[in-house]
Amino acid sequence: KTRDVHAVTMFTLADTSNMGDEAAAAKSKLLVDQVIQQWIKVLNLTGNSECAKEVLSIVDSAVQYWPLEKYISDDPSPTNIQPHPHPIAALAEPEWDDKLFFAGTETDQSSPGVMEGAIGASERVMKQLMKVRKMAASHRDDDDIKQAKNEQKL
C-alpha cells in the first residue's frame, strides 16, 4: 500500500533527559499533538483548509531532541535558544584549487544555521561546480585545438 509522507521539523527546548521512556514518549506525543493543532489553526486562518485536512492524515511521528545529541549540544537542558551564526565568507570559498566545496547550512551567506541556509548553500555549490565543469570543458576544448594544430604542422 502506498501512502503520502508528511514531514515536519520542530525545534524544541523540551527536556526529557530525566524522564523514563514512557514519560518521554507521552511528552513527545503531547508536543506533536500541540504542533499539529497549531498548524491546523494557522492553515485554516490563512484560507488553506485543504492543507489543514492533509495535516490530519499524519499517523506517525518522531521527535528528535537536539539538546540530547552530543555533537549538537553540550547542554541537555538549555533554557534559551542560541543565536544563529553570522555569515563567514571564508566558509563559502572552495579549497584545494576548486576541488573541495563546503555546502553546510553554516556556509550560507544569507541564512546560516537554518534550513534556508542549507538550501542556499547547496545552490551556491551547484553553481560553483557548474562553473568548474564549464572551465574544465573549455580547457579540454583548448587542449584539443592545440593538439589538432600540432598534428596539422606535422
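Which pattern does the protein chain follow when read along the sequence? The protein chain runs α-α-α, with 3 helices and 0 strands in its secondary structure. Helices (H or I, at least four residues) and strands (E, at least two) are DSSP runs, numbered from the N terminus.

Before you start clicking, two notes. This is a predicted model, in which local features need pLDDT of at least 70 and side-chain atom pairs count only at pLDDT 80 or more, while totals for chains, interfaces and linings use all residues. Residues are numbered from 1 along each chain as its sequence is written, and side-chain values use heavy atoms, with hydrogens and water left out.

**Stop 1: the whole chain**

Show the surface of the protein chain. Its accessible surface comes to about 12,500 Å², and 56% of that belongs to carbon and sulfur atoms; accessible areas come from the Shrake-Rupley method with a 1.4 Å probe, and for residues only the protein chains shown count as cover. Of the 154 residues in the protein chain, 18% are buried. Here buried means under 20% relative accessible area, exposed over 50%, and partly exposed in between (1.4 Å probe, protein chains only). Among contacts in the protein chain with a separation of 6 or more, 43% link residues 24 or more positions apart; a contact means heavy atoms within 4.5 Å.

**Stop 2: helix α1**

Select residues 21-45, which are α1. This helix has 25 residues and reaches 36 Å from its first C-alpha to its last, close to the 36 Å expected at 1.5 Å a residue. The expected span is 1.5 Å times one less than the number of residues in the helix. Now color Ala24, Ser28, Leu31, Val32, Ile36, Ile40 and Leu43, which are buried in α1. The buried residues of α1 pack against α2.

Pause at Ser28, in helix α1. Is Ser28 buried or exposed? At 15% relative accessibility, Ser28 counts as buried. Leaving aside neighbours within four places in sequence, Ser28 is in contact with Val63 and Tyr65.

Next, pick Lys29 and Asp33. Their side chains meet in a salt bridge (3.0 Å, N to O). A salt bridge is a side-chain nitrogen of Lys or Arg within 4 Å of a carboxyl oxygen of Asp or Glu. Both residues lie in helix α1, 4 residues apart, about one turn of the helix. Asp33 counts as partly exposed, at 31% relative accessibility.

As you leave the helix, stop at Gly47, which follows α1 and has a positive phi near 80 degrees.

**Stop 3: the nonpolar core**

Which residues make up the largest nonpolar core? Select these 7 residues: Val32, Ile36, Ile40, Leu43, Ala52, Val55 and Ile58. A nonpolar core is a set of buried Ala, Val, Leu, Ile, Met, Phe, Trp, Tyr and Cys residues joined through side-chain atoms within 4.5 Å. α1 and α2 (49-55) each supply at least two residues of this core, and the largest share, 4 residues, comes from α1. In soluble globular proteins, nonpolar side chains tend to be buried together.

Center on Leu43 for a local view. Beyond its neighbours within four places in sequence, Leu43 is in contact with Asn48, Ser49, Cys51, Ala52 and Val55.

**Stop 4: the charged pair on α2**

Select Lys53, in helix α2, and then Glu50. The two form a salt bridge, with the closest N and O atoms 3.3 Å apart. Lys53 and Glu50 are separated by about one helical turn, because they are 3 residues apart in helix α2. Lys53 is exposed, with a relative accessible area of 51%, and Glu50 is exposed as well, at 54%. Side chains of opposite charge can pair when their charged atoms come close. The structure holds 2 salt bridges.

Try a distance label too: the C-alpha atoms of Lys53 and Ile40, 13 residues apart along the chain, are separated by 7.9 Å.

**Stop 5: a surface patch**

Move to Tyr71, in the loop between α2 and α3 (115-153). Tyr71 counts as exposed, at 75% relative accessibility. Add Trp66 and Ile72 to your selection: with Tyr71 they form a nonpolar patch on the surface, with about 390 Å² of accessible area together. Patches are made of residues with over 30% relative accessible area and no salt bridge; like charges are joined within 9 Å, and nonpolar side chains (Val, Leu, Ile, Met, Phe, Trp, Tyr) within 5 Å.

**Stop 6: helix α3**

Finish with α3, which has 39 residues. From its first C-alpha to its last, α3 reaches 57 Å, close to the 57 Å expected at 1.5 Å a residue. Highlight Gly117, Gly120, Ala121, Arg124, Val125 and Gln128, which are buried in α3.
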